[in-house]
Amino acid sequence: MARRKQYKILARQTAIYKTIVSELQKNPELADYDMDTIQISVKKKITPRIQNVDKAIRNLTTYLAVNKEYIKTFNGETIVSKKEIAKMLKISRPTLDKWIREKFITPVQSEALSKTETFPPDLILKQLQKQKNKK
């Protein structure tokens, strides 16, 4: 896995050094520490992305082509659980949770079943296509 680039500077090189030292000295655990060695590090921001969005799209498209008639519908609404969409995409549930957290995929609130999030495959496919186009 690629390491994030990191930039370090000595805190004493900043205009707020005295404020930093003042705050840290309030902590009794830091009484024996050398405040001249305080460093500030900043990691380069990495824009999250899906590693292989083409594969996820292909897996979902293939699943829909072969198994469309087995996908549950209720009152005309496609009902697909988190477990089912992970299976369709051939990804793990933790990976799916990460994609949801990063807003690559957004579940919808079911109108037919209260308090139920569902993952309509057609909507998920559109969301994945949108991620692909961002590259």
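Biologist: What covers the buried residues of α1?

Modeller: The cover includes β2 (39-43). Keep in mind that we're looking at a predicted model.

Biologist: Which residues of α1 are the buried ones?

Modeller: In helix α1 (residues 17-25) they are Tyr-17, Ile-20 and Val-21.

Biologist: And why say that they line one face of the helix?

Modeller: Look down the axis of α1: the buried residues fall within an arc of 95°, so one face is what they line. Turned away from that buried side is a face with the exposed residues Lys-18 and Thr-19.

Biologist: OK, on to α3. Which of its residues are buried?

Modeller: Ile-85, Ala-86, Met-88 and Leu-89. Viewed down the axis of α3, these buried residues fall within an arc of 160°, so they too line one face of their helix. They pack against α2 (53-67), α4 and α5. Lys-83 and Lys-87 are exposed, on the face of α3 turned away from the buried side.

Biologist: What happens just after α3?

Modeller: Lys-90 takes a positive phi there, of about 60°.

Biologist: What makes α3 roughly perpendicular to α4?

Modeller: The axes of α3 (residues 82-89) and α4 (residues 93-101) cross at roughly 100° and come within 9 Å. Roughly perpendicular covers 65 to 115 degrees, so α3 earns that label against α4.

Biologist: Which residues meet there?

Modeller: From α3 you have Lys-82, Lys-83, Ile-85, Ala-86 and Leu-89, and they meet Arg-93, Leu-96, Asp-97, Trp-99 and Ile-100 in α4. By class, the residues of this contact divide into six nonpolar, four charged and no polar.

Biologist: Ile-100 sits in helix α4. Why is Ile-100 called buried?

Modeller: Its relative accessible area is 19%. The cut-off for buried is under 20%, so Ile-100 counts as buried.

Biologist: What is Ile-100 in contact with, leaving aside neighbours within four places in sequence?

Modeller: Lys-82, Ile-105, Pro-107 and Phe-119.

Biologist: Now Gln-127, in helix α5 (residues 121-134). How do you know whether Gln-127 is buried or exposed?

Modeller: Same kind of check. Gln-127 has a relative accessible area of 15%, and buried means under 20%, so Gln-127 is buried.

Biologist: What lies 2.8 Å from a polar atom of the Gln-127 side chain?

Modeller: The backbone nitrogen of Thr-106. A polar contact needs N or O atoms within 3.5 Å, and this pair is at 2.8 Å. With neighbours within four places in sequence left aside, Gln-127 is in contact with Phe-104, Ile-105 and Thr-106.

Notes
Residues numbered from 1 in each chain as written. Predicted model: local features only at pLDDT ≥ 70, side-chain atom pairs only at ≥ 80, totals over all residues. Heavy atoms only, no water. Axes fitted to C-alpha atoms, helices over the stretch in contact; angles between N-to-C directions. Helix = DSSP H or I, 4+ residues; strand = E, 2+ residues; numbered from the N terminus. Parallel < 35°, antiparallel > 145°, perpendicular 65-115°, else oblique. Contact = heavy atoms within 4.5 Å. Nonpolar A, V, L, I, M, F, W, Y, C, P; charged D, E, K, R; others polar. Buried < 20%, exposed > 50% of the residue type's maximum accessible area, 1.4 Å probe, protein only. Arc of directions from axis to C-beta. Polar contact = N/O pair within 3.5 Å; in protein donor to acceptor, adjacent residues only side chain to side chain.
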